[in-house]
Amino acid sequence: MVDRETDRLIDKAAGGCAPDRAAAFCLADAPLEPLMRAAENLTLAGFGRNVSYSRKVFIPLTELCRNVCHYCTFAKAPRRVASPYLSPAAVLDLARAGRQAGCKEALFTLGDQPERRYAAARQALGSRGLGSTLEYLEQTAGLVLRETGLLPHLNPGVMDRAQLERLRPVAASMGIMLETVSERLSQRGGPHFGSPDKWPARRLETLRLAGELAIPFTSGLLIGIGETRHERISALLCLRELHDEYGHLQELIIQNFRAKPGTQMAHAPEPALEEHLWTIAVARLLFGTRLTVQAPPNLRADDLEPLIRAGVNDWGGVSPVTTDHVNPEAPWPHLDDLARQTEAAGRRLVERLALAAPYTLAPARWVDAGLASLVLRQSDGQGLARTDDWYAGAATALPVAATRWSGPARRVAAARNTVTTLLSAVQDGREPDEAGIAMLFACQGDDRLAVFEAADQVRRSSVGDGVTYVVNRNINYTNICVHRCGFCAFSKGHSSRGLRGPAYDLDLEEVARRTVEAAEFGATEVCLQGGIHPTYTGDTYLNIVAAVKAAVPGMHVHAFSPLEIRHGARTLGLSLETYLARLRRSGLSTLPGTAAEILDDEVRAIICPDKLLSEEWLEVMRIAHGVGLRSTATIMFGHVDQPRHWARHLLRIRKLQAETGGFTEFVPLPFVHMEAPLWRRGRARPGPTLSEAVLMHAIARLSLHPLVPNVQTSWVKMGTEAALLCLDAGANDLGGTLMNESITRSAGGVNGQLLGPREIEALAHRIGRPVRQRTTLYGQLAGTALCAAGVARDERPRPRVAPEQAVVAS
């Protein structure tokens with residue numbers, strides 16, 4: 001039986017109110033089952049079904065150590081090693097083998113300052129012109145970083161401030177196991193006797209200094225070496241106090257002692273599983289959802305399910321290449337086996353980097369500036385490891401796993417209850433909240449398939465099976481722009497010569513000529529956008545509309561983002577309403593929903609700090625809808641943003657649509673990174689993963705249902721194969737034929753500038769869907785404008801597609 005006070009304490013902890021120092025010791029005698037129930041609930045609340053791991057290569061830089069821990073087989077005397085230190089070549093060989101096997105972390109493990117004990121270590125270091133092991137660690141970690149791109153995680157033991165500062169530029173993270181705060185274990189007869197670096201105060205000081213320097217650190221306890229439960233609680237509280245002050249403890253390892261032959265503790269009893277589970281559960285209750293709790297899976301290979309139930313949400317580093325040199329008797333589990341066992345416990349194995357997700361998502365604070373770009377390049381929007389090689393705009397092959405995402409191969413097993421409950425609500429048209437949408441973006445495995453299937457069902461019930469498209473032409477009339485958006489490789493400064501061609505400014509005659517050419521090709525729409533040219537005024541945009549309508553009176557003019565609208569109104573001293581009304585009278589038909597990027601000013605401050613704010617974008621659209629101009633809505637995602645930002649964006653679009661009903665469609669635009677300035681400066685991720693890109697289409701369909709009827713997938717950014725996945729996950733429209741797509745091309749996109757009606761029809765038929773050409777407003781075309789006539793038009797000479805061939809030089 002649980003006494004009432006302990007019962008209340010556990011219940012409060014399960015609700016997120018962690019026990020204070022005095023109350024924490026009441027858990028020493030708490031029964032295991034209620035502890036584990038509370039810990040599991042906390043873990044699920046904080047981390048969902050994900051159990052993470054890092055794919056690492058283990059680099060034992062030196063097995064010499066000045067300490068003599070009585071349970072350790074890693075540390076050896078010089079006579080028992082072939083060389084005091086691995087050579088740089090040997091280090092690189094291991095790192096390259098890890099890179100070849102898909103590893104992203106290089107775990108450097110080494111003994112503590114062996115040069116302070118062994119002449120052999122001093123001589124080996126001296127032969128390299130070095131005075132310490134930590135100097136050599138700095139060199140080799142930097143070498144691995146430069147040559148392989150693996151992210152080093154360093155475990156060099158006790159360090160002072162200067163040593164930590166020197167290692168920070170070559171380490172994504174570091175670690176030191178506190179093990180215990182029991183000083184008696186360092187006295188004669190204890191397992192740490194003769195090990196000066198194992199005195200708790202020294203290790204706590206290293207952890208404190210790391211916190212001051214904002215270095216993500218891993219620490220933890222080694223249980224079963226003679227400590228009591230009260231001493232374990234004391235150790236956990238010491239770590240919690242440090243984390244409360246600095247927030248730098250990314251992982252808490254609860255490791256069980258293993259008796260090893262040949263050590264002084266070879267015959268010592270190992271801790272029972274129940275003791276291990278108790279310690280994990282208490283750690284979870286003391287830290288709540290703020291910290292990852294880890295247990296090495298190779299040390300309890302048959303007990304992974306109870307470890308998870310006790311509060312574990314991470315397996316630590318697992319190597320497909322090297323052994324666990326610290327516990328060589330316990331081989332790493334094969335990753336496929338680890339995934340199956342984790343799945344059997346009702347969880348999902350996900351790969352992370354050497355950094356835990358919250359630290360990956362905040363590199364400016366936690367990672368040295370020289371390392372931040374590597375972290376961003378290897379991470380996704382959740383802060384986990386990027387696990388596919390698909391990139392928007394890059395014409396890369398789809399990952400093999402994606403073949404299960406659509407068509408007959410998509411067999412949805414049981415999704416978790418929280419996901420099915422939310423999917424049921426949004427399918428009924430109820431508005432989700434930010435947390436719910438963010439949770440859907442975190443879905444993997446069967447949960448992800450359930451999201452795709454639900455979105456596809458909503459699409460089918462809302463707009464049917466038809467795939468629509470519009471025959472249009474893009475006319476980007478200038479790439480000269482006064483703004484400096486970090487994601488944009490299209491814009492040029494005045495008279496600049498960039499990576500993707502010169503600056504240009506089309507005259508009105510060229511705009512008219514391209515409009516006529518588009519009409520001859522069968523286009524019903526021209527989409528006109530450009531940079532904010534320093535000499536443009538509101539009259540410029542009025543004149544562009546007039547030129548189009550004079551050339552082809554019946555052409556639908558889909559033009560001018562909210563940024564251009566605000567610029568035009570401001571230069572003429574007009575209100576937005578007055579200026580939009582004038583544009584409409586001149587022949588403007590609809591507005592593209594670009595310049596939205598991410599409707600969250602936290603993100604905009606990074607990617608487009610001199611551009612209009614979120615509310616300003618929404619204001620233009622609200623007024624445009626009010627004067628009778630409908631528009632599209634977009635999101636440009638996968639750079640510095642996170643799922644919470646995506647959720648806020650979708651909810652703001654939904655709120656405005658509920659007010660005005662003016663959005664015709666929602667268009668996800670994955671960030672094309674190759675030539676983007678933000679990417680080239682190492683300050684952005686390389687666009688969304690394929691999973692994130694397809695989920696965006698699916699979750700947009702669900703989040704905006706039933707208010708926004710159409711979801712478009714951009715073939716020029718997604719590529720045709722990935723666009724088909726989106727059509728099976730909630731999208732119903734392939735957008736336009738484009739003809740002169742240049743913005744994505746400027747960013748490095750290689751998916752083409754034109755996709756004709758015949759090609760679009762063939763794509764839709766590949767997934768068994770009917771196809772029809774539409775108007776910009778999704779109306780039905782009649783007579784010769786229907787798709788069959790569009791196929792014939794494919795045989796006509798195609799328009800010229802290089803905007804710089806007919807320009808007024810600027």
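Let's start with one pair of residues. L252 has a bridge partner in β7, and that partner is V293. Keep in mind that this is a predicted model.

Now widen the view. L252's pairing with V293 belongs to a set of three bridges that join β6 to strand β7, residues 292-294. These two strands run parallel. What links them along the chain? Helix α10, residues 273-287, makes a right-handed β-α-β unit with β6 and β7.

Next, strand β5, residues 217-223. Seven bridges join β5 to β6. Again, the two run parallel. One pair to find on your screen: F217, whose bridge partner in β6 is L249. From β5 the chain crosses through helix α9, residues 229-246, to β6. That β-α-β crossover is right-handed.

A quick reminder about pairing. Strands of a sheet pair through backbone hydrogen bonds, either parallel or antiparallel.

So how many residues of strand β6 are buried? Eight of the eight, across residues 249-256. Buried here means under 20% relative accessible area. Because every one of the eight is buried, β6 is largely enclosed by the rest of the structure.

Let's move to another sheet. This one is open and has six strands. What is the strand order? It goes β11-β15-β16-β17-β18-β19, with parallel pairing. Which strands sit at the edges? They are β11, 472-476, and β19, 663-670, and each pairs on one side only. From one strand to the next, the twist averages 25°.

Look inside that sheet. Strand β16, residues 556-559, is joined to strand β17, residues 588-591, by two bridges. They run parallel. Here V557 stands opposite L588 in β17. A helix packs on the sheet too: α19, residues 508-521. Helix α19 touches β11 and β15, the latter at 525-529. The direction of α19 makes about 165° with that of β11.

Last stop, helix α31, residues 757-766. Four names to mark: P757, I760, L763 and A764 are buried. Why do they count as being on the same side of α31? They cover an arc of only 125° around the axis, which puts them there together. The spacing rule helps here. An α-helix has 3.6 residues a turn, so residues three or four places apart point the same way.

One more residue, just after α31. G768 takes a positive phi of about 70°.

To recap: β6 is joined by bridges to β5 and to β7, and eight of its eight residues are buried. That's my tour. Thanks.

Technical notes
Residues numbered from 1 in each chain as written. Predicted model: local features only at pLDDT ≥ 70, side-chain atom pairs only at ≥ 80, totals over all residues. Heavy atoms only, no water. Buried < 20%, exposed > 50% of the residue type's maximum accessible area, 1.4 Å probe, protein only. Pairing = 2+ DSSP bridges. Right-handed = clockwise from strand over helix to strand, strands pointing away. Arc of directions from axis to C-beta. Axes fitted to C-alpha atoms, helices over the stretch in contact; angles between N-to-C directions. Contact = heavy atoms within 4.5 Å.
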